[in-house]
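Could you walk me through this structure, starting with the overall layout and ending with individual residues? I'm new to it, so plain language would help.

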Amino acid sequence: MSSSDKGKNYSEGSSSRSVTTPDIHHHQQQQQHQQAPLSQYESQKRRDWKTFGQYLKNQEPPVSLSQSNSNHVLEFLRYLDQFGKTKVHIQGCVFFGQPEPPAPCTCPLRQAWGTLDALIGRLRAAYEENGGSPETNPFGGGSIRVYLREVRECQAKARGIPYKKNKKKRNQVIKATEEDESNQPTM
């Protein structure tokens with residue numbers, strides 16, 4: 001080993017001793033992320049978070065994530081409609097209300113309700129994972145729930161599939177319990 005190599009090893013060793021505790025913790029987190037591949041959900045959540053952040057940066061004037069609110073989220077969801085793949089028939093379309101139209105039409109493509117619902121769930125989780133508090137989470141506001149409900153109902157009507165909450169299971173459980181109680185011998 002030459003003297004220059006010894007100095008190199010020594011300087012590398014000394015620089016690693018001067019690393020602060022937060023740097024070590026950050027380095028350990030990076031190693032864990034590199035070792036364990038992210039699940040599909042985690043990867044998608046990261047992509048969605050980056051996409052929303054980029055959307056905010058592209059606004060005039062740019063909006064920071066900390067300044068974003070439910071109005072920004074609603075605008076983002078409407079913006080995403082242009083990339084949708086679900087045909088949503090408009091009220092005047094001859095195929096409005098038909099589950100499987102026999103021919104193509106000029107109605108717009110939109111994001112499917114299920115896609116938007118899943119997206120909001122991932123963004124809501126990402127917001128909190130990135131330091132946001134649940135109380136100020138713009139993805140969990142009432143206006144977002146109302147918007148998603150309206151999209152779901154509109155898309156169901158356009159396809160002729162009335163949306164009803166599935167209360168069947170609960171009613172079956174209640175009936176079974178009532179039957180069990182009525183079959184009990186009285187004392």
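What follows is a tour from the whole chain down to single side chains.

Keep in mind from the start that this is a predicted model. The protein chain folds into 7 helices and 2 strands. Reading from the N terminus, the elements come in the order α-α-α-α-β-β-α-α-α. The chain has 187 residues, and 24% of them count as buried. If you take the contacts with a separation of 6 or more, residues 24 or more positions apart account for 58% of them.

Let's go inside. The largest nonpolar core has 21 residues, and those with the most contacts inside it are F52, V73, F76, L77, I120, L123 and F139. Helices α3, α4, α5 and α6 (142-158) each supply at least two residues of this core. The largest share, 6 residues, comes from α5. To get a feel for the packing, pick out F52: leaving aside residues up to four places away in sequence, F52 touches L65, S68, H72, V73, F76, L123 and F139.

Now look at how two of the core helices meet. In general, two packed helices are described by the angle between their axes and the distance between the axes. For α3 and α5, the angle is about 80° and the axes are 9 Å apart. An angle from 65 to 115 degrees counts as roughly perpendicular, so α3 and α5 are roughly perpendicular to each other. On the α3 side, the contact is made by Y41, E42, Q44, K45, D48, W49 and F52, while α5 brings L119, G121, R122, L123, A125, A126, Y127 and E129. Sorted by class, the contact of α3 with α5 has 8 nonpolar, 2 polar and 5 charged residues.

Two of the charged residues there are worth a stop. D48 lies in helix α3, and R122 is found in helix α5, which covers residues 113-129. Are these two buried or exposed? The cut-off for buried is under 20% relative accessible area. D48 has a value of 8%, so D48 is buried. R122 has a value of 15%, so R122 is buried too. Their side chains make a polar contact with each other, at 2.4 Å. Setting aside residues up to four places away in sequence, D48 touches L119, R122 and L123. Counted in that way, R122 touches Y41, Q44, K45 and D48.

Next, follow the chain out of α3 (40-57) and into the loop that leads to α4 (70-80). P61 is found in this loop, and a cis peptide bond joins E60 and P61, with omega about -10°. Further along, S68 also sits in the loop between α3 and α4. With a relative accessible area of 10%, S68 is buried. The side chain of S68 reaches the backbone oxygen of L65 at 2.8 Å. Apart from neighbours within four places in sequence, S68 is in contact with F52, L56, V63 and P138. The loop also lets you compare positions along the chain with positions in space: S68 and G53 are 15 residues apart along the chain, and their C-alpha atoms are separated by 9.6 Å.

That brings us to α4. What caps its N-terminal end? The cap is N69, with a side-chain oxygen that lies 2.8 Å from the backbone nitrogen of N71. Within α4, the residues H72, V73, L74, F76, L77 and L80 are buried. The buried residues of α4 pack against α3, α5 and α6.

For a view from the α3 side, find Y55, which is found in that helix. Y55 has a relative accessibility of 10%, so Y55 counts as buried. Not counting neighbours within four places in sequence, Y55 is in contact with H72, E75, F76 and Y79. Y55 and H72 are 17 residues apart along the chain, and their C-alpha atoms are separated by 9.3 Å.

To pull the threads together, go back to the core. Both F76 and F52 are among its residues with the most contacts, and F52 touches F76. F52 is also one of the α3 residues in the contact with α5, and S68 from the loop touches F52 as well.

Notes
Residues numbered from 1 in each chain as written. Predicted model: local features only at pLDDT ≥ 70, side-chain atom pairs only at ≥ 80, totals over all residues. Heavy atoms only, no water. Helix = DSSP H or I, 4+ residues; strand = E, 2+ residues; numbered from the N terminus. Buried < 20%, exposed > 50% of the residue type's maximum accessible area, 1.4 Å probe, protein only. Contact = heavy atoms within 4.5 Å. Core = buried A, V, L, I, M, F, W, Y, C linked by side-chain atoms within 4.5 Å. Polar contact = N/O pair within 3.5 Å; in protein donor to acceptor, adjacent residues only side chain to side chain. Axes fitted to C-alpha atoms, helices over the stretch in contact; angles between N-to-C directions. Parallel < 35°, antiparallel > 145°, perpendicular 65-115°, else oblique. Nonpolar A, V, L, I, M, F, W, Y, C, P; charged D, E, K, R; others polar.
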